[in-house]
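Reader: Please take a close look at a single helix pair in this model. I would like the contacting residues, the geometry and the residue classes.

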Amino acid sequence: RLSKELKYDDPQQALGFAQEAINLANTISFKEGEASGYINSGNVPRKLGDFNEAVETYLTALRISQEANDGNIMARSYNGLGIAYNLLGEYDKTLESFLSSLKTHEQYGDKEGTADALNNVGIHYLNLGNIDQALDYYNRALDIRREIGDIGDIASSLNNIGDVYSDHLGESDRALPYFLEALKLQEEVHD
């Protein structure tokens with residue numbers, strides 16, 4: 001947990017804490033903890049720009065989480081891989097990883113994770129210029145987020161959809177209701 005918190009402020013210290021977690025988990029044969037440690041360890045080189053090292057570390061986390069049959073950590077491993085592959089410009093592997101994360105979250109019944117994975121696939125399609133697919137995934141994420149009721153995530157999805165209409169399709173009139181609803185939700189949270 002300390003590693004996750006420090007990855008932005010002090011990456012080297014974060015890496016040290018992640019390695020300590022991996023060693024401790026290994027000592028007590030706690031596969032889930034070991035895999036989680038590798039995910040946190042992979043976040044550091046990713047933040048520092050060593051994307052190949054991040055990929056290798058996430059692959060280790062994935063292998064261990066599969067051995068432990070831990071769906072949450074598997075999905076997080078796939079997500080980390082998707083981000084690292086995207087940063088490497090390996091867009092086919094990016095999509096494959098994000099879709100694997102999505103499938104894993106769905107398989108294990110994790111609605112919040114499913115919505116996040118749908119959002120990541122939407123971002124990927126938007127970056128590739130596939131607007132229709134991006135909107136589809138953003139809307140699917142929004143539906144689940146409404147079902148869950150997390151106002152911050154709902155507002156984020158509404159803003160994503162609004163951005164597509166305003167910035168990518170030039171349809172400000174279609175974007176406005178999404179932005180207004182997002183603004184209203186954010187004001188409710190901060191009141």
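Author: On the helix 4 side, F51, N52, A54, V55, Y58, L59, A61, L62, S65 and Q66 meet I73, M74, S77, Y78, G80, L81, A84, Y85, L87 and L88 of helix 5, where contact means heavy atoms within 4.5 Å. By class, this contact of helix 4 with helix 5 has 15 nonpolar, five polar and no charged residues. Here Ala, Val, Leu, Ile, Met, Phe, Trp, Tyr, Cys and Pro count as nonpolar, Asp, Glu, Lys and Arg as charged, and the others, Gly among them, as polar. The model is predicted: local features need pLDDT of at least 70 and side-chain atom pairs count only at pLDDT 80 or more, while totals for chains, interfaces and linings use all residues. Residues are numbered from 1 along each chain as its sequence is written, and side-chain values use heavy atoms, with hydrogens and water left out.

Helix 4 covers residues 51-68 and helix 5 residues 71-88; helices are DSSP runs (H or I, at least four residues) numbered from the N terminus. Their axes lie 9 Å apart, and the packing angle is about 160°. Helix 4 is therefore roughly antiparallel to helix 5, a term for angles over 145 degrees. Axes are lines fitted to C-alpha atoms, for helices over the stretch in contact, and angles run from 0 to 180 degrees between N-to-C directions. The crossing of helix 4 past helix 5 is left-handed, that is, the near helix is turned anticlockwise from the far one by less than a right angle.

One residue of helix 4 also has a partner in helix 3: T57 is touched by S41, which belongs to helix 3 (residues 31-48). S41 counts as buried because its relative accessibility is 7%, the limit being under 20% relative accessible area (1.4 Å probe, protein chains only).

Terms used. Helices (H or I, at least four residues) and strands (E, at least two) are DSSP runs, numbered from the N terminus. Angles under 35 degrees count as roughly parallel, over 145 as roughly antiparallel, 65 to 115 as roughly perpendicular and the rest as oblique. Buried means under 20% relative accessible area, exposed over 50%, partly exposed in between (1.4 Å probe, protein chains only). Lists of a residue's contacts leave out its neighbours within four places in sequence.
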